[in-house]
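Visitor: I'm new to protein structures. Could you walk me through this one, a feature at a time?

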Amino acid sequence: MYSNLHIEHRDGIAVVTISREKALNALNTATMAELRHFFGEEGPALSGLKGVVLTGAGEKAFVAGADITEFSRLNAAEGAAFARSGQQVFDLIERFPRPVVAAVNGFALGGGCELAMACHLRVAGERARFGQPEVNLGLIPGYGGTQRLIRYIGRTKALELLLTADMVGAEEALRLGLVNYVVPAGEEVAKACELIEKIAAKAPVAIAKVIECVNAYFSPGADGFALEAEAFGACCDTEDFREGVSAFMEKRAARFQGR
Ligand code: CO8
């Protein structure tokens, strides 16, 4: 079904590997269309899905950026449309109601760093390298990099990385707050799956509401506190809330049904 994504289902976790190893998994139009399909309405059935791990094929790169060969001749209007379309795909990932964890196994540059930042959590292998090198090409990030990098690491360091095109390694990314964990090379996907398993033991509706409310903090015009109160109320109406409280009282593990 997909040509550029390899999807493997591991006990309720979809491990999605971007598979264009010869181009260091660069995001071409076809790959973006497949990501749009996967994370959009036609994507995986949510029932039984614990979460998604996104990673790159091979040992060298997570994703080395948007595919440079495809946008060398864009004019202003085409460039803006190209960027907006990519932003929509990454918004789908950010709003996905199950946890999406990036397993960053190498270079995460330009659109690759932006893709990792659109995921809810990031696990970096010790050889991972992050950067927004677009100014080297006479461009700026177009898939949300100027906005999301600041959210994660603050204005001071974000401006430095965006202006200098410097890359940071995994340990520095951890120190800056760009990634959640650093693991030995080759263990990125396993750690990402471990995180998803931990989250999968919680109430699925509550997890989806947390994602929605945290996203609201960063949505201009959204009233995050109002949304939180509404979402809290919606959780109160779920069977899982009753099960969670009963399990606590009975000193046993909760068995959530996602409703
Ligand atoms: N696009 C297309 N092909 C790529 C890309 C890319 N982003 N990155 C690497 N490749 C290809 C290389 O061309 C090369 O192909 P070939 O073997 O056919 O020559 C192959 O992958 C291997 O790459 P290298 O030989 O360069 O490998 P090195 O180990 O020497 O270097 C690097 C690895 C440092 C990662 C290097 O490949 C590099 O600098 N790549 C480009 C990184 C970059 O600039 N990324 C940002 C791209 S711009 C972007 O992402 C903007 C996002 C928003 C777009 C909005 C659209 C308007």
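Visitor: Let me begin at the ligand: how far does a backbone N or O atom of Ile68 lie from a nitrogen atom of the ligand?

Guide: Keep in mind that this is a predicted model. Here, that Ile68 backbone atom is 3.0 Å from the ligand nitrogen.

Visitor: Which atom of the ligand is 2.8 Å from a polar backbone atom of Ala66?

Guide: An oxygen atom of the ligand is the partner of Ala66. Gly111 has a contact to look at too: one of its backbone N or O atoms lies 2.8 Å from an oxygen atom of the ligand.

Visitor: And how much of the ligand's accessible area does the protein cover?

Guide: The ligand on its own has 1100 Å² of accessible area, and the protein covers 64% of that.

Visitor: Which elements give two or more residues to the shell around the ligand?

Guide: Look for helix H2 (76–94), strand E6 (107–109) and helix H3 (111–118). There are 23 residues around the ligand, and the ones that come nearest are Lys60, Ala64, Ala66, Ile68 and Gly111. Sorted by class, the shell has 13 nonpolar, five polar and five charged residues.

Visitor: You mentioned two helices there. How do I read a pair of helices?

Guide: Two packed helices are described by two things, the angle between their axes and the distance between the axes. Try H2 and H3: their axes come within 8 Å and cross at roughly 30 degrees. An angle under 35 degrees counts as roughly parallel, so H2 is roughly parallel to H3.

Visitor: Which residues make that contact?

Guide: From H2 you have Phe90, Ile93 and Glu94, and from H3 there are Gly111, Glu114, Leu115 and Ala118. By class, the contact of H2 with H3 splits into four nonpolar, one polar and two charged residues.

Visitor: Now for H7 and H8: at what angle do their axes cross?

Guide: Helix H7 (residues 204–217) and helix H8 (residues 224–236) cross at roughly 175 degrees, with axes that come within 9 Å. Angles over 145 count as roughly antiparallel, and therefore H7 and H8 are roughly antiparallel to each other.

Visitor: What residues in H7 and H8 meet?

Guide: On the H7 side they are Ala206, Lys209, Glu212, Cys213 and Ala216. They meet Gly224, Leu227, Glu228, Ala231, Ala234 and Cys235 in H8. The contact of H7 with H8 has seven nonpolar, one polar and three charged residues.

Definitions and conventions:
Residues numbered from 1 in each chain as written. Predicted model: local features only at pLDDT ≥ 70, side-chain atom pairs only at ≥ 80, totals over all residues. Heavy atoms only, no water. Axes fitted to C-alpha atoms, helices over the stretch in contact; angles between N-to-C directions. Helix = DSSP H or I, 4+ residues; strand = E, 2+ residues; numbered from the N terminus. Parallel < 35°, antiparallel > 145°, perpendicular 65-115°, else oblique. Contact = heavy atoms within 4.5 Å. Nonpolar A, V, L, I, M, F, W, Y, C, P; charged D, E, K, R; others polar. Near = heavy atom within 4 Å. Polar contact = N/O pair within 3.5 Å; in protein donor to acceptor, adjacent residues only side chain to side chain. Areas by Shrake-Rupley, 256 points an atom, 1.4 Å probe, with all protein chains shown as cover.
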